[in-house]
Amino acid sequence: MGIVAAGLFVAVFPGNIAQLTEHRDAFGLDTDRGRVIRLFFQPVLIAWALWATDAVGARRAGACPGGIVPPPLDADVDMTVPTLALNDATTIPQLGFGVFQIPPESTKEAVLTALRAGYRHIDTAQMYGNEQGVGEAIAESGIPREELFVTTKLNNNNHDPADVKRSLRESLDRLGLDRVDLFLIHWPLPTVGDGDFVATWRAMVEAREEGLTTSVGVSNFQPDHLDRIVAETGEVPAVNQIEVHPYFTNDAAREATRRHGAQVEAWSPIAQGAVLDDPVLVGIAGDVERTVAQVVLRWHIQRGDIVFPKSVTPARIEANFALFDFALSEDQMAAINALDTGDEGRRGPHPDVMDIVPD
Ligand SMILES: NC(=O)c1ccc[n+]([C@@H]2O[C@H](COP(=O)([O-])OP(=O)(O)OC[C@H]3O[C@@H](n4cnc5c(N)ncnc54)[C@H](OP(=O)(O)O)[C@@H]3O)[C@@H](O)[C@H]2O)c1
C-alpha cells in the first residue's frame with residue numbers, strides 16, 4: 001500500500017513541478033532557493049506517504065504487532081483496556097484471557113502469548129486442570145504481580161465449607177501465588193446434596209478475610225440464587241460470571257447482578273465460535289472493517305460486561321485484544337441484541353439443573 005502510494009507520488013510530483021515551472025517567475029522555482037526547497041521536501045514527502053499509508057492499513061486490520069498497542073488513529077480514542085470498579089473498592093481489567101479447555105501441557109505457552117500481546121487478566125478454574133500452566137507463564141513472564149489480575153474458581157466437589165480454604169490454598173500452590181485477585185463459586189449446584197450454597201458462600205468470604213483472595217464472587221448464579229446469598233449473609237459478590245453472547249444475551253441474570261451492585265462477567269463471549277458465521281454479524285464486521293470476533297467482543301465491552309475470550313491461536317489471541325480503536329453504533333448494538341434466542345441459545349447447562357460433581 002505504502003509503496004503504491006509512494007510510486008504515485010513520485011509519478012505525479014514532477015508533473016506538478018512541470019506545470020508550476022510554466023509560471024516559474026511567479027513561484028520563484030527557477031531560483032537556487034526553489035531547487036533547494038524541492039530537493040529537501042521531495043524525499044521527506046515520499047517517506048511520509050510510505051509511513052502514513054502503512055500505519056493506517058495496519059490499524060484497519062486490527063494488527064497489534066508484538067502485542068504493542070498502536071497509537072490511536074483518532075486522538076480521542078483510548079486504546080488501553082478499561083478497568084471497572086468492583087463493589088469492594090478494587091478494580092478489574094474489562095478484557096482478559098480465558099483458559100477453559102486449554103490442555104495443561106499447552107497452557108503455559110498460550111498464557112505467555114496472551115501476556116506478550118498485552119493481556120493482564122487471566123481466568124482459570126480448579127476444574128480446568130491447568131492452574132499450574134498459568135502459574136508457570138506468570139513466573140516466566142517476569143510481569144510484576146501487582147500488574148496482573150488472576151481469577152480461579154471453586155470446583156464442584158469443594159462446596160463443603162471445610163474444603164473452600166483448603167482447595168484455594170492448593171490452587172495458590174499450583175499458581176505459585178500467595179493470593180488470587182478473585183475467587184468464584186463455579187456453579188451454585190442447588191440440586192446437589194443439601195444445595196446449601198449459602199454456607200459455601202460464607203466460607204468464600206472467610207477466605208477473603210484471611211487474605212487468600214482479594215475479592216470473592218460467584219458464577220452461574222441465577223437471580224434467585226443471588227437474592228438468597230445476599231439476603232442471608234449481607235455479603236454481595238464482586239462479580240457474577242455467566243454465559244452471555246449474541247445468541248443468549250441472558251439479560252435477566254445480568255440485570256439481577258447489576259441490581260445487587262456486582263459486575264457481570266460474560267463467559268463463552270463468542271459462543272465458542274458458534275456466532276462467527278452469522279450473516280448480521282458478518283455484515284457489521286464488513287461495515288466496520290473488523291473481524292466478526294472483534295465485533296462481538298466489542299459489543300460485550302460496550303454493554304459494560306467483562307470478557308476473557310479463549311484461544312490457543314496466536315493471531316486470534318492478538319486480534320481479540322484489539323478492541324479499542326473502533327466503536328459500534330447504537331443501530332449496530334441493537335441489531336446484535338436482536339440475535340438473542342433466549343434459553344435455546346445456551347451453550348452450557350442451565351444453572352438450576354447443573355449437577356456434575358467430579359469424584
Ligand atoms: N464460569 C463458567 O462456567 C465458564 C464456562 C465456560 C467458559 N468460561 C470462561 O470463559 C472463557 C471463554 O469462554 P470459552 O472458552 O468457552 O469460549 P469462547 O471464548 O467464546 O470461544 C473459544 C473458541 O473460539 C475460538 N476462537 C477464539 N478467538 C477466535 C477468533 N478471533 N476467530 C475465530 N475463532 C476464535 C477458539 O479457537 P482456538 O482456541 O482454536 O483458537 C475456541 O474454539 C473460558 O476460557 C473460561 O475462562 C467460564
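Glu 131 is a good place to start in this predicted model: at 2% relative accessibility, its residue counts as buried, because the cut-off for that class is under 20% relative accessible area. Its carboxylate does not go without a partner, though. The side chains of Glu 131 and Arg 174 meet in a salt bridge, with 2.7 Å from N to O. If you trace the chain between them, you will see that this pair links distant parts of it: Glu 131 sits in helix H5 (residues 131–141) and Arg 174 in helix H6 (residues 161–175), 43 residues apart. The two ends of the bridge fall into separate accessibility classes, since Glu 131 is buried, whereas Arg 174 has a relative accessible area of 33% and is partly exposed.

That bridge belongs to a count of 21 salt bridges. Let us move on to a group of residues that are joined to one another. Asp 251, Arg 254, Arg 258, Arg 303 and Asp 305 are linked in a network of salt bridges, and two of its pairs are worth following on the structure.

Take Asp 251 and Arg 303, whose side chains meet in a salt bridge of 3.3 Å, N to O. Here again distant parts of the chain are linked, with Asp 251 in helix H9 (residues 251–259) and Arg 303 in the loop between H11 and strand S10 (306–307), 52 residues apart. In this pair the acid is partly exposed, Asp 251 having 27% relative accessibility, while the arginine is buried, Arg 303 having a relative accessible area of 15%.

Next comes the bridge between Asp 305 and Arg 258, in which the closest N and O atoms are 2.7 Å apart. Asp 305 lies in the loop between H11 and S10, and Arg 258 lies in helix H9, so this pair too links distant parts of the chain, 47 residues apart. Which of these two partners is buried, Asp 305 or Arg 258? The aspartate is: Asp 305 has a relative accessible area of 0%. Arg 258, at 34%, counts as partly exposed.

Just before helix H9 you will find a residue with a notable backbone angle. Asn 250, in the loop between strand S8 (239–243) and H9, has a phi near 50 degrees, a positive value in a residue other than glycine. Asn 250 counts as buried, at 10% relative accessibility. Further along the chain, Glu 289 also has a positive phi, about 60 degrees, although it is not a glycine. Glu 289 is placed in the loop between helix H10 (279–288) and H11, and with a relative accessible area of 46% this residue is partly exposed.

From there we can step into helix H11, where Val 292 has its place. Val 292 is buried, with a relative accessible area of 12%. Its C-alpha atom is separated by 8.4 Å from that of Val 275, a residue 17 positions apart from Val 292 along the chain. For a contrast in accessibility, look at Ala 231 in helix H8 (residues 223–233). Ala 231 counts as exposed, at 67% relative accessibility. Between Ala 231 and Val 198, 33 residues apart in sequence, the C-alpha to C-alpha distance is 9.9 Å.

Helix H11 also takes us to the largest pocket. The elements that give two or more residues to the lining of this pocket are helix H11 (292–302) and helix H12 (314–319). About 830 Å³ of space lies in the pocket. Its lining is made up of 40 residues, and those nearest its centre are Phe 100, Gln 101, Ser 268, Gln 272 and Lys 310. By residue type, the lining divides into 20 nonpolar, 16 polar and 4 charged.

Finally, turn to the ligand. How many residues surround the ligand, and which are the closest? There are 27 of them, and the closest are Asp 123, Ser 268, Lys 310, Ser 311 and Thr 313. Ser 268 and Lys 310 were also named among the residues nearest the centre of the largest pocket. Backbone atoms take part in the surroundings of the ligand as well. A backbone N or O atom of Phe 100 lies 2.9 Å from an oxygen atom of the ligand. A polar backbone atom of Ile 270 is 3.0 Å from a ligand oxygen, and for a polar backbone atom of Pro 269 the distance to an oxygen atom of the ligand is 3.3 Å.

Terms used: Residues numbered from 1 in each chain as written. Predicted model: local features only at pLDDT ≥ 70, side-chain atom pairs only at ≥ 80, totals over all residues. Heavy atoms only, no water. 1 Å grid on protein atoms, 1.4 Å probe; cavity = no way out; pocket = protein on both sides within 12 Å on 5 of 7 lines; lining within 4 Å. Points joined across faces, edges and corners; volume = space filled by probe spheres on them. Helix = DSSP H or I, 4+ residues; strand = E, 2+ residues; numbered from the N terminus. Nonpolar A, V, L, I, M, F, W, Y, C, P; charged D, E, K, R; others polar. Salt bridge = Lys/Arg side-chain N within 4 Å of Asp/Glu carboxyl O. Buried < 20%, exposed > 50% of the residue type's maximum accessible area, 1.4 Å probe, protein only. Near = heavy atom within 4 Å. Polar contact = N/O pair within 3.5 Å; in protein donor to acceptor, adjacent residues only side chain to side chain.
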